[in-house]
Amino acid sequence: MAIDTPLLLNNHSNSNNGDEEEKSTSFVTEFKEESKRLWHIAGPAIFTAICQYSLGALTQTFAGLVGELDLAAVSVENSVIAGLAFGVMLGMGSALETLCGQAYGAGQLRMLGIYMQRSWVILLTTACFLVPIYVWSPPILELIGETTEISEAAGKFALWMLPQLFAYALNFPIQKFLQSQRKVYVMAWISAVVLVLHAFFSWLFILHLGWGLTGAAITLNTSWWLIVIGQLLYIFITKSDGAWTGFSWLAFADLWGFVKLSLASAVMLCLEFWYLMILVVITGRLPNPLIPVDAISICMNIQGWDAMIALGFNAAISVRVSNELGAGNSKLAKLSVKVVSITSIAIGVVCMILVFSTREYFPYLFTTSDAVAEETTKLAILLGVTVLMNSLQPVLSGVAVGAGWQSIVAYINIACYYIVGLPAGILLGFTFSFGAEGIWSGMIGGILLQTIILIILTSVTNWKKEAEEAESRVRKWGGAAIDH
């Protein structure tokens, strides 16, 4: 027996090694398959997000080539006024990511068109309530600390940008409707064509014809409405595989419940979106703010482009999680979260290295002022850290939207961003006189804390239970329309 024992132990050891290798191979195979499914949505979604973000960013770039005040006016309007509207509309429209994604996964295609129409009703109404902010933006901007010169220039530009507000109200529900069905290539093509037209007409009107901010407003408004019209034509002509069955009075049914979910989504995403927007506002309260505001605006422009990559992953993971939970596949939902987290962190590291290595050069893409470029180069280290942090954080928010955790994450955001991060930034920037670098450093602390909490929340989630909740959510929201 003594002779056989080592053989038995050896066999047992080989068996364990075999099991471990099989598990490892199985995970790699599953990772590759899920990665393909994810990139099929994320690739076009990232491209679409970059194209649409580039509309405002290009306008800002051309304005910067006109002069420092024009750059500050477009930057503040883009970041504060349009940024506020963008955050509200994107947030409220994100309720559709949960509902449309889970309804699509459950095979309730007809409900998608009804949900989109309900969202239009709510967002167009919200847009009307936001109009006074555009109209009275100069005193609002002065109230929060901007100089009279910047406030009046930005306020004038904001008034001209009212058509963009209503384009947002229609665009975000359309996007969530198409994304949930994985029809992301259509949005990518439309956005690409519009971006090319936007670049040409921005150069023509702003620089060549010398129309300045008036030309900027004309091109930016027109471009956003071209995107909306292009997407609507696709939906109306193709019927979106049965998801669009025409306008219906059911759009006005169950509106209050829909409003509550939309508001939870809006609060969650707005608290995130406005957080870095506030950085521009607080910087405006520093002594001699024109150069720091321009430098921060350039950094936010770069960060915004990078954030579009994360936003694409945000959309992709939201679709994957909501579709799989709607179909009752809790294991695939969990795997999808792992894959997207690893992928987005890897991309974040690459983008951070790129920012660090080009910090002496990229400011001159946006400004001809040496003083602004020098200040921007100083802030580039913080920009690189923010780029890395924001590679994972929006992805985890996408998981939250796909699973329907908007209310929980809203509370987390309030605590991390506005009770910890923002006061820390103000303390470092003003009390300890670190200026723009101090304000930004404190706010990065808030992002770090929020990311850690979301990682813990995602790690302890019972995905089987989430799939059961998704099934009951589809029944709850689909019931009234299905009965008709």
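# Close-up views of a predicted model

**Figure 1. S433, in the loop between α14 (406-431) and α15 (435-459).** S433 has a relative accessibility of 61% and therefore counts as exposed, the cut-off for that class being over 50%. The model shown here and in the other views is predicted. The phi angle of S433 is near 60°, which is a positive value in a residue other than glycine.

**Figure 2. R182, in the loop between α7 (162-180) and α8 (184-208).** Phi is positive at R182, near 65°, and the residue is not a glycine. The relative accessibility of R182 is 33%, so the residue counts as partly exposed. That value falls between the cut-offs of 20% for buried and 50% for exposed.

**Figure 3. The contact of helix α6 (residues 148-160) with helix α9 (residues 212-238).** Two packed helices are described by the angle between their axes and the distance between the axes. The axes of α6 and α9 come within 9 Å of each other, and they cross at roughly 35°. The crossing of this pair, α6 and α9, is right-handed. On the α6 side, the residues of the contact are A153, F157 and W160. They meet L213, T214, A216, A217 and N221 on the α9 side. By residue class, the contact of α6 with α9 has six nonpolar and two polar residues, and no charged ones.

**Figure 4. I227 in helix α9.** I227 has a relative accessibility of 1% and so counts as buried. Apart from neighbours within four places in sequence, I227 is in contact with Q52, L55, N171, I190, S191 and V194. L311 is 84 residues from I227 in sequence, and the two C-alpha atoms are 18 Å apart in space.

**Figure 5. Q52 in helix α1 (residues 4-66).** Q52 counts as buried because its relative accessibility is 6%, and the cut-off for buried is under 20%. I227, the residue of Figure 4, is one of the contacts of Q52. With neighbours within four places in sequence left aside, the others are N171, Q175, S191, W224 and Q231. N171 and S191 also appear among the contacts of I227. Along the chain, Q52 and I218 are 166 residues apart, with 16 Å between their C-alpha atoms.

**Figure 6. G83 in helix α2 (residues 68-93).** The relative accessible area of G83 is 3%, so G83 is buried. Between the C-alpha atoms of G83 and C270 there are 9.3 Å, while 187 residues separate the pair along the chain.

**Figure 7. I296 in helix α11.** I296 is buried, because its relative accessible area is 0%. The contacts of I296, leaving aside neighbours within four places in sequence, are L279, V280, T283, L379, A436 and W440. I345 lies 49 residues from I296 along the chain, and their C-alpha atoms are separated by 24 Å.

**Figure 8. S297, also placed in helix α11.** At a relative accessibility of 3%, S297 counts as buried. Once neighbours within four places in sequence are left aside, S297 is in contact with Q60, S75 and V280. V280 is also listed among the contacts of I296.

**Figure 9. The second largest cavity, with about 50 Å³ of space.** Rolling a probe the size of a water molecule over the atoms shows where empty space is left. The model has two cavities of 30 Å³ or more. The lining of the second largest cavity consists of D306, I309, A310, F313, S344, I347, G348 and S391. Two elements, α11 (290-326) and α12 (330-357), give two or more residues to this lining. The element that gives the most is α11, with four residues. In the lining of the second largest cavity, four residues are nonpolar, three are polar and one is charged.

Note on methods. Residues numbered from 1 in each chain as written. Predicted model: local features only at pLDDT ≥ 70, side-chain atom pairs only at ≥ 80, totals over all residues. Heavy atoms only, no water. 1 Å grid on protein atoms, 1.4 Å probe; cavity = no way out; pocket = protein on both sides within 12 Å on 5 of 7 lines; lining within 4 Å. Points joined across faces, edges and corners; volume = space filled by probe spheres on them. Nonpolar A, V, L, I, M, F, W, Y, C, P; charged D, E, K, R; others polar. Axes fitted to C-alpha atoms, helices over the stretch in contact; angles between N-to-C directions. Left-handed = near helix turned anticlockwise from the far one by under 90°. Contact = heavy atoms within 4.5 Å. Buried < 20%, exposed > 50% of the residue type's maximum accessible area, 1.4 Å probe, protein only.
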